[in-house]
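Open the model in your viewer and keep the selection tool at hand. The stops below go one at a time, each with something to select and what is found there.

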There are 2 protein chains.
Amino acid sequence: MITGKNYIGNKLSAKGTIHYKTFNPKLNIENEHEFTEANLQEIDEAVQLASHAFKEFRTCSGKKKAQFLRAIADEILKLDEELVQVYCSETGLPEGRARGERGRTVGQLRSFADLVEKGDWVDASIDTAEPERKPIPKPDLRKMLIPLGPVVVFGASNFPLAYSTAGGDTAAALAAGCPVIVKSHPMHAGTGELVASAIIKAAQNTNMPNGVFSNINSSGIEVGQKLVAHPGIKAVGFTGSINGGRALFDLASQREEPIPVFAEMGSINPVVILPKALHEKGESLAKTYAGSITLGTGQFCTNPGLILGIESDELSKFIKNLADEIIKIEPSCMLHPNIIGAYEKNKSKAVNQPDLHLVADYESDVQANFARQAISTVEGSIFLNNPTLHQEVFGPFSMVVQCKSIEELTLIISKLEGQLTGTLIAENDEANKFRSVIDALQNRVGRIIYNGVPTGVEVCPSMVHGGPYPASTDSRFTAVGIKSINRWVRPFSFQDWPNHLLPDELKNENPNQILRTVNGNLTTDKI
Amino acid sequence: MITGKNYIGNKLSAKGTIHYKTFNPKLNIENEHEFTEANLQEIDEAVQLASHAFKEFRTCSGKKKAQFLRAIADEILKLDEELVQVYCSETGLPEGRARGERGRTVGQLRSFADLVEKGDWVDASIDTAEPERKPIPKPDLRKMLIPLGPVVVFGASNFPLAYSTAGGDTAAALAAGCPVIVKSHPMHAGTGELVASAIIKAAQNTNMPNGVFSNINSSGIEVGQKLVAHPGIKAVGFTGSINGGRALFDLASQREEPIPVFAEMGSINPVVILPKALHEKGESLAKTYAGSITLGTGQFCTNPGLILGIESDELSKFIKNLADEIIKIEPSCMLHPNIIGAYEKNKSKAVNQPDLHLVADYESDVQANFARQAISTVEGSIFLNNPTLHQEVFGPFSMVVQCKSIEELTLIISKLEGQLTGTLIAENDEANKFRSVIDALQNRVGRIIYNGVPTGVEVCPSMVHGGPYPASTDSRFTAVGIKSINRWVRPFSFQDWPNHLLPDELKNENPNQILRTVNGNLTTDKI
């Protein structure tokens, strides 16, 4: 049931005076429930509870954390049709997408449960003492990863489940042993509250400390700023726009005690099509890419917003085919009037740049909040010298850049901002002739794809979802996959510490039989 | 031979107009060589060369990098007595310390050589494709760690070898595949140039690209600022003061493209002495700690600047013993007139705080630049409420805080800034009664020591040298040990990438037989 209130720990609370509603973009009307933004006292209370909960939660066993995470997954599934309906009413996305994203969210929670139950992830390392070593004895040192403390999570508008309230950031932080405070996304506050209720139920049923999770409503930017600036907060996870992520990164960096912010932000996901591939499969590529560009109304962070090739008749033909294919696709609804407003504005800003040619723009009538997909094209030298063209147009829009030569193509790629993904479309061994292009592309992205589309982020240990700035604020981490837990932990050493006072992970007898590096060797053996 | 010039890549260069000399604190005279600060053109040239070298160096094999690192170690040893003499003349430190630190430096270089030669460190992970998976096929994903790009290293004044030109930051960055530009420390510019010459010789002898290393002289802060602000620089390593480290962190965070700064900064390394231990071994502890506080004239980042206990006659006796013992120790030379100036100023600022009692202060005459060691004591409530007393006094100075109760002790620890280390002195099972104290201490430090001294940082995989701010700017990394390489690398994914285009680490045949996680299992097997 949606109450419109905040969860301050286990307690529903609505002391604030600012109220707001979510919006159904498909029906173009406000949804019924009214939400109350948290006030300063509630924010502070949530942080105090989280700090207090951390004292217990930080040493919670892997087994207990796994129970908690699995219980969250189960409680989310129990929300059943209510969750699907609220999700759709707040996003305009279809039911199939809601169910798919729910499956992914639940899958992420369970994979983190497996990870912490197994326990190897703490990267335990033991170097035993050598009391007789000359000139000085060698101490016993034992190291493992421990949680940072309370984490604030800002979910994404475009993934109300998988990258939001109980999404990857939250799942990873809870798995690490960090209490989480979610700054609920105003566009899907109802979905957020339902998921929050599932987390709170799971926390209570598995005896987690009060404050291990809070869900904070907010309609503007102030609540998030207060949370990030609060001395009790030790890290921040964010998925969203460059402006939003950068503002939080700046705020966190300027604190008296700076804290890490992992913000996954904008990306135009360059796709390079090599000549032979264009020759061999230009037509089917046009169809595939029309689909990828419009998938989810172009509202994927891995949307291919930039396609690069070398000028030729075949590239011209590809552009025409792509234009033809994309116009055939039925327009679909964007998440919110603000999002479509930004799309129309940014698209118009891009297409009004000198020497950019619009080759497709859906012109028939569309419903309110439905996006008109579009394709544009530009010469390499024009693109290179106009930074506006390098900016993301969030929505079903892509730009084909026609380069004069391999050298110009390489130069353009090397001048791109950091990206989540880069894609290479090549035929047989032609990639060998384009090593400079591949090297340049690899240097700008977090993931490189061969003969595929960038949309679709597989959740698995070998995934990197992140990349050089501004794809993320710290390319040394990934937002997806079990390794994303590394954002919320720090290594910690015990020197000459008595065995009975050590955490189980580092005890001589290795009670959980985890894999450890002992004097340089990986083993599950006792010492 | 010392020329006083910069190494801009392999070339000696001195185009600047600012000149300076190093200082012999023991003789209280300037050393003979004159150094030329790099000018803007030289700084830019070094970064351009590093960016260019990165294109080749980033894919350099582990075997070749290992040759390079071992050659650096060998060339440093070949500098032989010249290096020892210059080191001593620029620091006032004894020859034994020079040799010991050289051994550690060479050992670090060799341990990184072993690491990259073996190759497992890239954390290779492979999830193979499932083309038949429903509803969508699973792609093949392969991930490994790759270098960030050119790194700027700021060495520490107090470790002219192990934490400087070819110290841990440089060794880890080169091992990762990142070119390094060292901002040479002005107090040991001669030592720096000699070590730089060894690195350049090693780079040339092992055919490394020009620009893989540069050594930049500077007498002030501007050169370092220009380097950190340069768009070609992708990460920064720093060891030194809080003010210096924070300024660089702020600069790097405010760049258009923010870059990671790992700064290891101040720490007062709290030591907690429990009552039973005080009773059983108070006398020997006083002797041990007088030694630890004055070791290297108190110029260790792990110097025990704060000792905490619960008020008792035995604590009073310990304070008296510590005072007696420390006065017996012969004063020794600090690194530089500026360092001793800061020591005297900060010590005087501390001892002039209300209700702080100076219980030992070496009063006999001392040579110029020799430090007078001192011990002070204060009540817990006074310490708690006076932030000045929480600040590091870099030098042979320590403060004993007398707490009223376990609760006050716990509260004080929980209010400390982040620290590199915390130490617990306990007898038999008394630690069990002080779990709240231990928990609070663990939450504020990077390494916790049982019945020892914090001085002395063992170089081994289980070491953490870092900690919550301001011990470091990012507690998620360590500055010492092979894992310190993680500061300079990022994960990178290849999706559906052709086997022959993959780096060796991710190829099906696993040519280097490294340990990889393949579909969740650790193995050296082929695919």
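This is a predicted model. Start where the chains meet, by selecting strand β18 of chain A, residues 445–450, together with β19(B). The two strands run parallel and are joined by three bridges. To find one pairing, pick A:Ile449; B:Gln495 is its bridge partner in β19(B).

Now widen the selection to the whole contact between the chains. Here 48 residues of chain B are in contact with 48 residues of chain A. On the chain B side, the elements that give two or more residues are β5 (125–127), β6 (141–147), α7 (242–253), β18 (445–450) and β19 (489–495). Which of them gives the most? That is β19(B), with seven residues. Colour the chain B side by residue class and it divides into 22 nonpolar, twelve polar and 14 charged residues.

Next, show strands only and follow the sheet that holds the pair from the first stop. Strands of a sheet pair through backbone hydrogen bonds, either parallel or antiparallel. This one is an open sheet of twelve strands with mixed pairing. Its order is β14(A)-β15(A)-β16(A)-β13(A)-β12(A)-β17(A)-β18(A)-β19(B)-β6(B)-β5(B)-β20(B)-β21(B). Why do β14 (357–361) of chain A and β21 (521–523) of chain B each have one side without a neighbour in the sheet? They stand at the edges, each with a single partner strand, so nothing in the sheet lies on the other side of them. Averaged over the sheet, and ignoring direction, neighbouring strands are turned by 20° against each other.

Stay in the sheet and select β6(B) with β19(B). Seven bridges join these strands, which run antiparallel. Click B:Arg142 and look across to β19(B), where B:Phe494 stands opposite.

Go back to the chain A part of the sheet and add helix α13 of chain A, residues 435–442. This helix lies across β12 (270–273), β17 (419–425) and β18 of chain A, and runs at about 140° to β18(A).

For the domains of chain A, colour residues 7–265 and 477–487 as domain 1, and 270–450 as domain 2. Taken over C-alpha atoms, the domain centres are separated by 33 Å. The contact between the domains takes ten residues from domain 1 and ten residues from domain 2. On the domain 1 side, three of the residues are nonpolar, five polar and two charged.

Two helix pairs in chain B complete the tour. Select α3, residues 95–118, and α4, residues 168–176, of chain B. Their axes come within 9 Å and cross at roughly 20°, which makes α3(B) roughly parallel to α4(B). The crossing is right-handed. Show side chains for B:Gln108, B:Leu109, B:Phe112, B:Leu115 and B:Val116 in α3(B), which meet B:Gly168, B:Ala171, B:Ala172 and B:Ala175 in α4(B). This contact has seven nonpolar, two polar and no charged residues.

Last, select α12, residues 406–415, and α13, residues 435–444, of chain B. The helices pack at an angle of about 10°, with axes 8 Å apart, and are therefore roughly parallel to each other. From α12(B), the contact uses B:Ile406, B:Leu409, B:Thr410, B:Ile413 and B:Ser414. From α13(B) come B:Ser436, B:Val437, B:Ala440, B:Leu441 and B:Arg444. By class, the residues of this contact divide into six nonpolar, three polar and one charged.

Definitions and conventions
Residues numbered from 1 in each chain as written. Chains lettered and ligands numbered in written order. Predicted model: local features only at pLDDT ≥ 70, side-chain atom pairs only at ≥ 80, totals over all residues. Contact = placed C-beta atoms within 7 Å. Helix = DSSP H or I, 4+ residues; strand = E, 2+ residues; numbered from the N terminus. Nonpolar A, V, L, I, M, F, W, Y, C, P; charged D, E, K, R; others polar. Pairing = 2+ DSSP bridges. Domains from an automatic or database assignment. Axes fitted to C-alpha atoms, helices over the stretch in contact; angles between N-to-C directions. Parallel < 35°, antiparallel > 145°, perpendicular 65-115°, else oblique. Left-handed = near helix turned anticlockwise from the far one by under 90°.
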